[in-house]
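Here is a quick tour of the fold, written for someone who would rather look at geometry than read a catalogue. Keep the viewer open while you read.

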Amino acid sequence: MGRRFIAELTEGERIDAVFALAARELRAARTGDTYLALELSDRTGRVNAVMFRPGADAAAIPAGTVVRIRGAATVYRGVLRVTATEMREVRQYDPADLIPSGTRDQAELLSEMRALVKSVTDPGLSAVVRSVFGDPSFMKRFKTCPASQAYHHAYIGGLMEHTVAVASLCRALCGLYPHADADLLLAGALLHDVGKVDELEYTTGISYTDDGRMIGHVVLGERRVRAAIESLGPAVSHEAATRLSHVLLAHHGELEWGSPKRPCTLEALMLH
């Protein structure tokens, strides 16, 4: 039998598998004995775990580590948990076991993404989009980045899938709103979440970087796009740069939803 994932566990079965150690706390029982309260995760979800009278090596393993757990699935107060008898850090593991992946074919998504980029016809806006997505190191991360920690598309490749979906919807909407600047809307749709690459990290799970927690992807993304604009010099007019920045900064719509500005152009409202 292959490895069992968290969503498949049933009471009483033996466990010998690799998990991400999402959280851990050393506690004292009423008897005075110490135990570890743990939270384990894999690509199917999370489960609480406990390890009674842990050795010094197990007690020293920090959260964020990938660990091999031996023990059993048990029930405590009606809730399934893992009772671990052994826990050790592992260096070699398959990341696909720990973080979920999307179901869309990545080559197909990339092909759709490239077609959308090519469909921006305004010379200045096209140059900005191509500059951002033409950066190999950025694109390598963009193709694998999740779109969120838990809210939507929270899996490997989720950011590109989300971007293709939003850009495709915006392109379709342009046929219904002929007064909208189709190139501006499409460029904004393609670029609106590029800051997620700097906001999220996803080695053993999906979490926020320091920049993500303190600045956020809306501003981080606009900074990345602004840097591309500045590198292009006079190829992008001041008006086009300002209108594009507004679309990006307003795409969350409301201040309480993390938007630095509310939409005040048709394209910004349509993207939101």
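Two strands count as paired here if DSSP finds at least two bridges between them. With that in hand, on to the barrel. In this predicted model, five strands close into a barrel in the order S1-S2-S3-S5-S4, and the pairing is mixed. From one strand to the next, the twist averages 50 degrees.

**Strand pairs**

Strands of a sheet pair through backbone hydrogen bonds, either parallel or antiparallel. Three of the pairs in this barrel are laid out below, each with an example of residues that face each other.

| Pair | Sense | Bridges | Example partners |
|---|---|---|---|
| S1 (residues 14-28) and S4 (residues 66-76) | antiparallel | seven | Ile15 and Gly71 |
| S1 and S2 (residues 34-42) | antiparallel | eight | Ala20 and Ser41 |
| S4 and S5 (residues 79-89) | antiparallel | ten | Ala72 and Thr83 |

S1 takes part in two of these rows: it is joined to S4 by seven bridges and to S2 by eight. What links S1 and S2 along the chain? The two strands form a hairpin with five residues between them, and Gly32 in that turn has a positive phi of about 100 degrees. S4, for its part, also pairs with S5, over ten bridges.

**Helix H6 and its surroundings**

Now for the helices. Is H6 largely enclosed or largely open? Nine of its ten residues are buried, so H6 is largely enclosed by the rest of the structure. The buried set runs Asp183, Leu184, Leu185, Leu186, Ala187, Gly188, Ala189, Leu190 and Leu191. These residues pack against H2 (106-118), H3, H5 (158-173), H9 (217-232), H10 (238-249) and H11 (266-271).

One of those neighbours, H3, is worth a closer look. Two packed helices are described by the angle between their axes and the distance between the axes. For H3 (residues 123-133) and H6 (residues 182-191), the angle is about 15 degrees and the axes lie 10 Å apart. Angles under 35 degrees count as roughly parallel, and H3 and H6 are therefore roughly parallel to each other. The crossing of H3 past H6 is left-handed.

On the H3 side, the contact is made by Leu125, Val128, Val129, Val132 and Phe133, while H6 supplies Asp183, Leu184, Ala187, Leu190 and Leu191. Sorted by class, this contact holds nine nonpolar residues, no polar ones and one charged residue. Asp183 also belongs to the buried residues of H6.

Technical notes
Residues are numbered from 1 along each chain as its sequence is written. This is a predicted model: local features need pLDDT of at least 70, side-chain atom pairs count only at pLDDT 80 or more; totals for chains, interfaces and linings use all residues. Side-chain values use heavy atoms; hydrogens and water are left out. Axes are lines fitted to C-alpha atoms, for helices over the stretch in contact, and angles run from 0 to 180 degrees between N-to-C directions. Helices (H or I, at least four residues) and strands (E, at least two) are DSSP runs, numbered from the N terminus. Angles under 35 degrees count as roughly parallel, over 145 as roughly antiparallel, 65 to 115 as roughly perpendicular and the rest as oblique. A crossing is left-handed if the near helix is turned anticlockwise from the far one by less than a right angle, and right-handed if clockwise. Contact means heavy atoms within 4.5 Å. Ala, Val, Leu, Ile, Met, Phe, Trp, Tyr, Cys and Pro count as nonpolar, Asp, Glu, Lys and Arg as charged, and the others, Gly among them, as polar. Buried means under 20% relative accessible area, exposed over 50%, partly exposed in between (1.4 Å probe, protein chains only).
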